[in-house]
Amino acid sequence: GSRASNGVIVITTKQGKAGKAKLTYNGSVGTATAVKGYDEILNTSSQYYAEAVRLKFAPTSAGVPAWFASTTLPKYVHNANSVFNDADLTKYDPIFNIITETNQVGTNWWEEISRTAQINDHNINVSGGNDAATYNISANYLNQEGILKYTDFNRATVRANSSFKVGKKLRIGENIMFATTWGNSGGNFNTEFGPIGNLIKATSIVSATDIKGGPGGHISSLTGNFTNPDQVLRDAQNNNNTSNRVLGNIFAEYTIIDGLKFRTNFGSDFGNTWRRAFTFIQPYRSEGTTSNSATNFNETWTQVATWNITNTLQYNKEIGKQAVALLAGQEAISTKYRDITGALSGYFTSDVNAWYLNTALGDPSSRSVSSTGNLARLASYFAKADYTFNDKYLISATVRRDGSSRFTSANRYGIFPAASV
């Protein structure tokens, strides 16, 4: 009916079979790498970049920033209007006086942020049973590194199902799954501020690291206006996403007479997600921040709980080349959602062990907390009739009456018929 207007995907889990207990394992270890990288389309030569800047002011050299005036590039990246071939290294400061050497050949930023990633996938399964009962239990673990450094995805899953025959007419059983996932995606990939957005903007003259191993950067926008993409990934490596989910159902099926069955099913789906993200200062870029007041931490908890109960009566009959299938049923679904988000700025330390929404760790006046949620319910009654002749001609009709709590009481219920030949 209307609930299946966009199509139906039926997912079944592996079932146990009568026989001796059977233990199986399968696993794989592999690697993943980019077939083609961004370095195939982006400039990785410092000389090409400098020449492009000089061509911008052609045909005369008037207005060319001093840093780019000579074909021999200065030793240090600093202010585009001044040439720095010497620097007092003793005055280096990771916040207020970053010293970055010019990469005379050119920085390949794609090589700096990408890698050959490892993939581990392991599965173990136990199944068995007899004519009256069957069972199947399985466990899976997946660890997949991203081809961008400091990114990964992990998943652990346990599934179990069993089925029991009680007498000749009754069958009962259950399916249950627990899954937990965790990892780090490397930040927001859909904006210019993510690792790929900054990779595209990154200039080849800037070294990946400064003279002390910190993030390489620039002070003037003329030598680049980007955030070190490698540092973007480093900063996001502890911005974790974790989710847990329990999904299951119990059912009973009773054969009233030959061809007529009653089935009742109760299912539930409970899940929660936790996300956190910390924003660091960026003193190594022209528009970067140097004050701890710019640091920010936000944390989100989301919980979704769904339950449903379905009762159906089904009749199937074949007479020669004709077949009739009748179905009538009732269904109730409830979904409850809740989301809580908090944020705090001005942390006195960026240590991951201090990532809490505690006003003793940051600016108390910056703390914000909000929450949202909803509860939605659906009640349905439905019926379906199918007639088939010679396994070639089919007539089908469906009708259902749905009531949703998302609408006002005056518009809560609707009847949705459908037919096909």
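**A tour from the sheet edge to the cores**

Begin by selecting strand β13, residues 393-404, together with β14: eight bridges join the two strands, which run antiparallel. The model on display is predicted. Within this pair, select R400 and look across to F416 in β14, its bridge partner.

Next, widen the selection to the whole sheet. Twelve strands form an open sheet with antiparallel pairing, in the order β1-β4-β5-β6-β7-β8-β9-β10-β11-β12-β13-β14. Its edge strands are β14 (413-420), where this tour began, and β1 (19-32); each of them pairs on one side only. Looking from one strand to the next, the reader will find a twist that averages 10°.

Now move to the surface and select L23, Y25, I124, V126, Y135 and I137. These residues make a nonpolar surface patch of about 570 Å². The elements that give two or more residues to the patch are β1, β4 (117-129) and β5 (133-145). Pause at I137, which is found in strand β5. Is this residue buried or exposed, or in between? I137 counts as partly exposed because its relative accessibility is 43%, a value between the limits of 20% for buried and 50% for exposed.

From the surface, turn to the interior. Select F68, W109 and I205: they have the most contacts inside the largest nonpolar core, which has 20 residues. Then display the helices α1 (46-56), α2 (109-113) and α3 (195-201), each of which supplies at least two residues of this core.

Finally, select F278, F297, Y347 and L361. They are among the seven residues of a second, separate core.

Technical notes:
Residues are numbered from 1 along each chain as its sequence is written. This is a predicted model: local features need pLDDT of at least 70, side-chain atom pairs count only at pLDDT 80 or more; totals for chains, interfaces and linings use all residues. Side-chain values use heavy atoms; hydrogens and water are left out. Two strands pair if DSSP finds at least two bridges between them. Helices (H or I, at least four residues) and strands (E, at least two) are DSSP runs, numbered from the N terminus. Axes are lines fitted to C-alpha atoms, for helices over the stretch in contact, and angles run from 0 to 180 degrees between N-to-C directions. Patches are made of residues with over 30% relative accessible area and no salt bridge: like charges are joined within 9 Å, nonpolar side chains (Val, Leu, Ile, Met, Phe, Trp, Tyr) within 5 Å. Accessible areas come from the Shrake-Rupley method with a 1.4 Å probe; for residues, only the protein chains shown count as cover. A salt bridge is a side-chain nitrogen of Lys or Arg within 4 Å of a carboxyl oxygen of Asp or Glu. Buried means under 20% relative accessible area, exposed over 50%, partly exposed in between (1.4 Å probe, protein chains only). A nonpolar core is a set of buried Ala, Val, Leu, Ile, Met, Phe, Trp, Tyr and Cys residues joined through side-chain atoms within 4.5 Å.
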